[in-house]
Amino acid sequence: MENFYISTAISYTNGPPHMGHAYEVIAADVIARFNRLNGKRVFFLTGTDEHGLKVQQKAEALKIKPEELAYDMSQTFIKMSKELNCSNDDFIRTSEERHKKAVNDIWLKMEENGDIYLGEYSGWYSVVDEAFYQESELKKNEKDEYISPNNNNVEWVDEKSYFFKLSNYEDKLLDLYKKNEDFIQPRSRLNEIRNFVKNGLNDISISRKGLEWGIKVPNDSEHSIYVWVDALTNYISALNWPDEKCDKFKSFWPADIHLIGKDITRFHAVYWPAFLFSAGIEIPKKVFAHGFILNKGEKMSKSLGNIEDPMELINSFGVDQLRYFLMRETIFGNDGNYSDELLINRVNSDLSNDLGNLSQRCLSMVNKHCNSKVPEKNSLKIVDQELLDLLEIKVNDILEMMDNYQINSYIEEVFNIVSLTNKYFSDQKPWELKNNDLMRMNSVLWVTVEMIRKISIMLQPVMPESCKRLLDILCVKDDQRTFDFIEDKFSLISGKSIKEPVIIFPKIKYKK
Ligand code: ME8
């Protein structure tokens, strides 16, 4: 069995999850579920990034200990993953001992390799971004103060600091981007990163003095390790690195994909591979940077205060409805807008009117006129065979789309097939045939339920619960729901019982 490792970014615990976090973990879950259904052994990791000034300062403001804040917030992220029906195999918290040990060891490896030295950092730091900036990277706000490229406050820092010799890795990184042009996706992000590296890399500060809430630098407790060195290491600490004998690390590293938001591409596509080169560890196969979920055109973020609570949306609209909307609406890799109205329109048109209506109409007829049994196939006409063949011909191309992380295109293609099946059902009018040609009615219903079976198998990664309900109605066995079973030779067998249909995608009423 081929192994597949996907990770999300780990979320800061200075506040509860928002739609951006939900979007990322849903996308990762869709990819993880897809790969499991495609016969791979998957390790899907998500978690929380708990150390650093940002969390420390938030805890101070709340007059609680940072560990308390980190614990409480990590639980809200765990809850969110569960409520979104995410199938993560592990949830890493950077305050866990297994993680701290790995951070300590990666530091020592980089130091052994001669890439860490003590110096003096004079420059800008943004606590919200947890990032050091050159003056040339900053912008000015309306009060003529410097702000970070993400519009966050920056402060001047003058302190002793450990540095990482990033400048040593310029050529190696450029070589990596050249040899593996898919290392960073989408392509626009690769170009950005390549230009950044080509402009010359400076060594980076990798420790903070006076940071209480962090992992101490080995053999120098005055300094704490920079939160990004700490956070990035989660991708291997969760595999029990440095215990290289451990099966998990051997089986799953290098990761197939680090799924992240576009604002943190540099950390993943420049710093992380450089740290790994230095520590003598293989680098991940791909960094995929998705776009932002916007609220009225602006990034949703804790600092801007325009966040939507994903839990509330699940309660209002349903988990699969939210998953479907977020994955269908936006080209994966681009920014996308969220509004209740957009979601309701999308869900009502695609899920209630198309897929829901098709399955409800067809399965009700089967229930009523075929004695709740898979209809007789009888002899098929060209029009029947054409519909069945269409999916058979297209299925590999559609599956390949998801292999290339074109999530929205995958869904769009499956829904084109839903529309064609709907058209077939309307054109063949089985409700008229029930009075004069029962054999033909049976054939039309058989073709339609078979198409519903295949469509439901294909949509499982996106809407696991609703597809489970559809496949349960069709009495498809649990071990016959992987993509292998889309093939015609596993078609529904006439005469087998099916269950009474229930409405799976009720229409949502718009409330102002
Ligand atoms: O960046 N739309 O944590 P974080 C889409 N701890 N994605 C969004 C988003 C939005 N509006 N807002 C945030 C961190 N994200 C670090 C990561 S990984 C070793 C350390 C994404 O809580 C963001 O781009 O600020 C990131 O991928 C993830 O949510 C966590 O963001």
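**View 1. Helix α4 packs against helix α10 in this predicted model.** Helix α4 covers residues 97-112. The axes of α4 and α10 lie 8 Å apart. The angle between these two helices is about 70 degrees. Angles of 65 to 115 degrees count as roughly perpendicular, so α4 is roughly perpendicular to α10. The crossing of α4 and α10 is left-handed.

**View 2. Helix α6 crosses helix α10.** Here α10, residues 265-279, meets α6, residues 187-198. Their axes come within 11 Å. They cross at roughly 55 degrees. That angle makes α6 oblique to α10. The α6 and α10 crossing is right-handed, whereas that of α4 and α10 is left-handed.

**View 3. A cis peptide bond joins Q185 to P186.** Omega for this bond is near -10 degrees. P186 sits in a loop. That loop runs between strand β10, residues 184-185, and helix α6. Helix α6 is the partner of α10 in View 2.

**View 4. The bond between W253 and P254 is also a cis peptide bond.** Its omega is about 5 degrees. P254 belongs to the loop between α9 and β15. Helix α9 spans residues 247-252. Strand β15, residues 257-261, supplies at least two residues of the shell around the ligand.

**View 5. N85 has a positive phi.** The value is about 65 degrees. N85 is not a glycine. This residue lies in the loop between α3 and β4. Helix α3 takes in residues 66-83, and strand β4 takes in residues 90-93.

**View 6. A shell of 25 residues surrounds the ligand.** The closest are I10, E24, D49, G261 and D263. Several elements each supply at least two residues of the shell. Among them are the strands β2 (11-12) and β15 (257-261). The helices α1 (19-37), α7 (227-232) and α8 (234-237) do so too. By type, the shell holds 12 nonpolar, 9 polar and 4 charged residues.

**View 7. Oxygen atoms of the ligand lie close to Y12, E24 and D263.** Y12 takes part through its backbone. One of its backbone N or O atoms is 3.0 Å from a ligand oxygen. E24 takes part through its side chain. A polar atom there lies 2.6 Å from an oxygen atom of the ligand. D263 also uses its side chain. An N or O atom in that side chain is 2.6 Å from a ligand oxygen. Taken alone, the ligand exposes 660 Å². The protein buries 96% of that area.

Key: Residues are numbered from 1 along each chain as its sequence is written. This is a predicted model: local features need pLDDT of at least 70, side-chain atom pairs count only at pLDDT 80 or more; totals for chains, interfaces and linings use all residues. Side-chain values use heavy atoms; hydrogens and water are left out. A residue is near a molecule or strand if one of its heavy atoms lies within 4 Å of it. A polar contact is a pair of N or O atoms within 3.5 Å; within protein, one must be able to donate a hydrogen and the other to accept it, and residues adjacent in sequence count only if both atoms are side-chain atoms. Accessible areas come from the Shrake-Rupley method with a 1.4 Å probe; for residues, only the protein chains shown count as cover. Helices (H or I, at least four residues) and strands (E, at least two) are DSSP runs, numbered from the N terminus. Ala, Val, Leu, Ile, Met, Phe, Trp, Tyr, Cys and Pro count as nonpolar, Asp, Glu, Lys and Arg as charged, and the others, Gly among them, as polar. Axes are lines fitted to C-alpha atoms, for helices over the stretch in contact, and angles run from 0 to 180 degrees between N-to-C directions. Angles under 35 degrees count as roughly parallel, over 145 as roughly antiparallel, 65 to 115 as roughly perpendicular and the rest as oblique. A crossing is left-handed if the near helix is turned anticlockwise from the far one by less than a right angle, and right-handed if clockwise.
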